[in-house]
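Subject: Structure handover and notes

Dear colleague,

I am passing on the structure we spoke about, together with my notes on what turned up when I went through it. Please read the notes with the structure open beside them.

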Amino acid sequence: MTAPFEVDFSTLPLALRYKLLTALVVPRPIALVTTVGKDGVVNAAPFSFFNVFSEDPALVVLGLQSRPDGTPKDTLKHIRETGVFVVNLVDEAMAGRMNTCSIDFPSDVSEIEAAGFAVLPGAGVPVPRIAEAPVALECRHYTTLEVSHRRHLCIGSVVHLHARAGIIDAERLRVNLDAYKPIARLFGNLYARLGEKFVLKRQSFTEWDAENGVDAAADRAETKS
């Protein structure tokens, strides 16, 4: 019989911590972040260390990384310089071109052009969004937690949302996942589509107690007797 796996994380090299965390904390949403440098070049980079953080204020968080010598990569550098960025969410149709944006291009080369994306102007920030993206969140820099010389948790305040026609019901604000078709990051070179969905209704304590509490247990016992 195989024994359970346990490890003291402080004993692991960084590469193995990354390997385990990214393979176990799955699936993760993908943010294809657009920023603009001082030279006007539009940068696009994908991040799966990403998620929504709060609704009041409306915040998203990005796990950004510097180079081994501590020099900031383009996304971090541009956000520090301009204080604005756009999170473009990724669907199945964008997957291949999103992956192109993960290439370590020189700073004067636009991943947008290399991947063949089109852009549209931002409404609330001076950063373009990707026209092909099903959803785009325009953000202003809120704060950054400097976790280490290489890891930076950048938090952005969402100021404007764009969604492709058919994804959000304008009256009820419900999302059509079949129209959205988001993809997720797993680990290594693996990605995932949405699989089969199922429903779990969140109960109130009153509802739970009616089904599982002392009175419900007594009723079940009486029925058996």
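To begin with one contact, which side chain meets that of Glu207 in a salt bridge? The partner is Lys201, with a separation of 3.3 Å from N to O. Please keep in mind throughout that this is a predicted model. Glu207 is partly exposed at a relative accessible area of 34%, whereas Lys201, with 62%, is exposed.

Salt bridges

The contact between Glu207 and Lys201 belongs to a set of seven salt bridges that the structure holds. Side chains of opposite charge can pair when their charged atoms come close. Two further examples deserve a description, since each of them joins separate parts of the chain.

In one of these, the side chains of Arg80 and Glu146 meet at 3.5 Å, taken from N to O. Because Arg80 belongs to helix 2 and Glu146 to strand 9 (residues 135-146), this salt bridge ties together parts that lie 66 residues apart in sequence. Both partners are partly exposed, Arg80 having a relative accessible area of 47% and Glu146 one of 45%.

In the other, Glu132 and Arg97 form a salt bridge through their side chains, at 3.7 Å from N to O. This pair also links distant parts of the chain, given that Glu132 sits in the loop between strand 8 (129-130) and strand 9 while Arg97 is in helix 3, 35 residues apart. Glu132 is partly exposed, with a relative accessibility of 21%, and Arg97 is likewise partly exposed, with 28%.

The largest pocket

The largest pocket encloses about 810 Å³ of space. Its lining is made up of 32 residues, and those closest to its centre are Pro46, Phe47, Gln65, Lys73 and Ser102. Several elements contribute to the lining, with at least two residues coming from each of helix 1 (14-24), strand 3 (42-47), strand 5 (58-65), helix 2 (74-82) and helix 3 (95-100). Strand 3 gives the most, namely four residues. Sorted by class, the lining comprises 13 nonpolar, eleven polar and eight charged residues.

Helix 2, which supplies residues to this lining, is also the element in which His78 lies. Is His78 buried or exposed? With a relative accessible area of 7%, His78 falls under the 20% cut-off and therefore counts as buried. The C-alpha atom of His78 is 22 Å from that of Phe53, and the two residues are 25 positions apart along the chain.

A nonpolar patch on the surface

On the surface, Phe5, Val7, Phe9, Leu21, Leu24 and Val25 form a nonpolar patch, and together they have about 600 Å² of accessible area. One of these residues, Val7, is found in the segment before helix 1, and its relative accessibility of 34% makes it partly exposed.

Backbone geometry

Most residues other than glycine have a negative phi, and most peptide bonds are trans. Against that background, four places in the backbone may merit your attention when you inspect the model.

Two of them are cis peptide bonds. The bond from Val26 to Pro27 is cis, with omega near -10°, and Pro27 lies in the loop between helix 1 and strand 1 (28-29). Asp56 and Pro57 are also joined by a cis peptide bond, for which omega is about 0°; here Pro57 is located in the loop between strand 4 (50-55) and strand 5.

The other two are residues with a positive phi. Leu173, although not a glycine, has a phi of about 55°, and it is placed in the loop between strand 10 (151-163) and helix 5 (177-180). Lys181, which is not a glycine either, also shows a positive phi of about 55°, and Lys181 lies in the loop that runs between helix 5 and strand 11 (183-185). As for accessibility, Leu173 counts as exposed at 64%, while Lys181 counts as partly exposed at 42%.

With best regards

Terms used: Residues numbered from 1 in each chain as written. Predicted model: local features only at pLDDT ≥ 70, side-chain atom pairs only at ≥ 80, totals over all residues. Heavy atoms only, no water. 1 Å grid on protein atoms, 1.4 Å probe; cavity = no way out; pocket = protein on both sides within 12 Å on 5 of 7 lines; lining within 4 Å. Points joined across faces, edges and corners; volume = space filled by probe spheres on them. Nonpolar A, V, L, I, M, F, W, Y, C, P; charged D, E, K, R; others polar. Patch = residues over 30% accessible without salt bridge, like charges linked within 9 Å, V, L, I, M, F, W, Y side chains within 5 Å. Areas by Shrake-Rupley, 256 points an atom, 1.4 Å probe, with all protein chains shown as cover. Salt bridge = Lys/Arg side-chain N within 4 Å of Asp/Glu carboxyl O. Buried < 20%, exposed > 50% of the residue type's maximum accessible area, 1.4 Å probe, protein only.
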